[in-house]
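Look at the sequence and the fold together before reading on. The paragraphs below go from the overall make-up to the interior, and then to the charged side chains.

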Amino acid sequence: MKRYIFLFLLLNVSCEETFIPVTNVEDEKYVVESYLELNDQAIFPYLILTKSLGFYSNINASVLEHLFIHNAIVNIETNQLQYPLQEICLNDIPKALQQQIADRFGLNLDSISVNFCVYIDINGQIPLQVGNQYKLSVIIGPDTLRSTTTIPGFIKIDSVWFDKIPGTPNDTFRQMFCFISDNPLVKDYYRYFTGTQHEPLIPNFSSVTDDALFNGQQFKFTLQKAQAPGSEFTATSGYYRVGDTVIVKWCNLDKEHFDFWNTLEVSRTRQGPFASYVRIDGNITNGLGIFGGQICKNYQLIVK
């Protein structure tokens, strides 16, 4: 009898106990976001270097601006040659160039209240080639962050067309169909972005896939119009307006780059108190984040 009383009390205490996660300042991590993109319309290789923010931290413009880490030594090595990245902040460049930089990063200058800073290959000296290995080193005082990535081969879109949307006839919107011929000899990883003449290029809420279901096949699929985070879902979400000029950015990623976005996008769909926890995969030694390689092509289409 005493045994059952003890279990009853234990269960009641367990139910009432509040769990408060530890969020020490000492647990701050370095966070890296860096991409090497082989694309005629890509920005030069760059790296955003910040600190992680505690879960219970207040967020405002001043806090965000202090997350940027300055005066780091950032190098990317390939073919036994090192290429330094130069730190540039928006407030340090002429007004005429600020808009160009903001456009490249998808930023709206009118709504930016933070002095946005990046480390960038300002002269475009890093040779971006399929199959090359790239080694990243970031030195911050006594600490060094490292990572490696490669640029994979490219699988182009063979054909694209628009057709009527399912359900009630609609003369205003169309859905997009594509064909690709997947490479049977290697594991392929894909990501896409869409935009129009009036909208920036953005990834969809589910923007990545591998070829597990269609390896080596000629594969037909629909490509939804990407939705911005937090946008309202409607009956025409994912479809394209007739007459618009649409830009599709189609990319192949290396595996670690794919794993990063795949786990991040899955974690966004796991909401609520009963959802399982998803750890975001990264490839930064001594830090968080991603140093990813990708090869992309932009397709411009008119919705007919």
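The protein chain contains four helices and 16 strands. The model is a predicted one. Of the chain's 304 residues, 40% count as buried. Contacts between residues with a separation of 6 or more can be sorted by how far apart the partners are in sequence, and 68% of them join residues 24 or more positions apart.

Start with the interior. The largest nonpolar core is made up of 25 residues. Tyr 46, Ile 48, Phe 68, Phe 116, Ile 120, Leu 253 and Trp 261 have the most contacts inside it. Several elements each supply at least two residues of this core: strand 2 (46-51), strand 5 (86-89), strand 6 (117-120), strand 11 (189-196), strand 15 (245-253), helix 4 (255-269) and strand 16 (288-302). Which of them gives the largest share? Helix 4 does, with four residues. There is also a second, separate core, which has 23 residues and includes Val 74, Ile 126, Ile 284 and Ile 295.

Strand 6 is a useful place to see how a strand is arranged. In a regular strand, side chains alternate between the two faces of the sheet. In strand 6, Cys 117 and Tyr 119 point one way, while Val 118 and Ile 120 point the other way. All of these residues are buried. Strand 6 has neighbours to pair with. Strand 2 runs antiparallel to strand 6 and is joined to it by two bridges, with Tyr 46 standing opposite Ile 120. Strand 5 also pairs with strand 6 in the antiparallel sense, here over four bridges. Cys 89 has Cys 117 of strand 6 as its bridge partner.

Now turn to helix 4. This helix has 15 residues, and the distance from its first C-alpha to its last is 21 Å, close to the 21 Å expected at 1.5 Å a residue. Its buried residues are His 257, Phe 258, Asp 259, Phe 260, Trp 261, Thr 263, Leu 264 and Glu 265. What do these buried residues pack against? They pack against strand 1, strand 11, strand 12, strand 15 and strand 16.

The list of buried residues in helix 4 includes charged ones, and two of them can be compared in turn. Asp 259 forms a salt bridge with Lys 255, at 2.7 Å from N to O. The two residues are four apart in helix 4, so about one helical turn separates them. Asp 259 is buried because its relative accessible area is 17%, under the cut-off of 20%. Lys 255, at 46% relative accessibility, is partly exposed. Glu 265 also lies in helix 4. Glu 265 is buried but has no salt bridge. The nearest side chain of opposite charge is Arg 191, 4.4 Å away, and a salt bridge needs the atoms within 4 Å. Leaving aside residues up to four places away in sequence, Glu 265 touches Arg 191, Asn 204, Phe 205, Ser 206, Ser 207 and Val 208.

How many salt bridges does the structure hold? There are six. Side chains of opposite charge can pair when their charged atoms come close. One pair is Lys 249 and Glu 37, with the closest N and O atoms 2.9 Å apart. Lys 249 belongs to strand 15 and Glu 37 to strand 1 (residues 30-38), so this salt bridge ties together parts that are 212 residues apart in sequence. Lys 249 is buried, at 11% relative accessibility, and Glu 37 is buried too, at 12%.

A further salt bridge joins the side chains of Lys 225 and Glu 199, at 3.4 Å from N to O. Lys 225 sits in the loop between strand 13 (218-222) and strand 14 (240-241), and Glu 199 sits in strand 12 (residues 199-210), so the pair links parts 26 residues apart in sequence. Glu 199 is partly exposed, with a relative accessible area of 38%. Elsewhere, Lys 187, Asp 210 and Asp 211 are connected in a network of salt bridges.

Strand 12 also holds Ile 202. At 23% relative accessibility, Ile 202 is partly exposed. The C-alpha atoms of Ile 202 and Lys 225 are 9.4 Å apart, although the two residues are separated by 23 residues along the chain. Not counting residues up to four places away in sequence, Ile 202 touches Phe 193, Thr 194, Ala 226, Gln 227 and Ala 228.

Definitions and conventions: Residues are numbered from 1 along each chain as its sequence is written. This is a predicted model: local features need pLDDT of at least 70, side-chain atom pairs count only at pLDDT 80 or more; totals for chains, interfaces and linings use all residues. Side-chain values use heavy atoms; hydrogens and water are left out. A nonpolar core is a set of buried Ala, Val, Leu, Ile, Met, Phe, Trp, Tyr and Cys residues joined through side-chain atoms within 4.5 Å. Buried means under 20% relative accessible area, exposed over 50%, partly exposed in between (1.4 Å probe, protein chains only). Two strands pair if DSSP finds at least two bridges between them. Lys and Arg count as positive and Asp and Glu as negative; His and the chain ends are not counted. Contact means heavy atoms within 4.5 Å. The expected span of a helix is 1.5 Å times one less than its number of residues.
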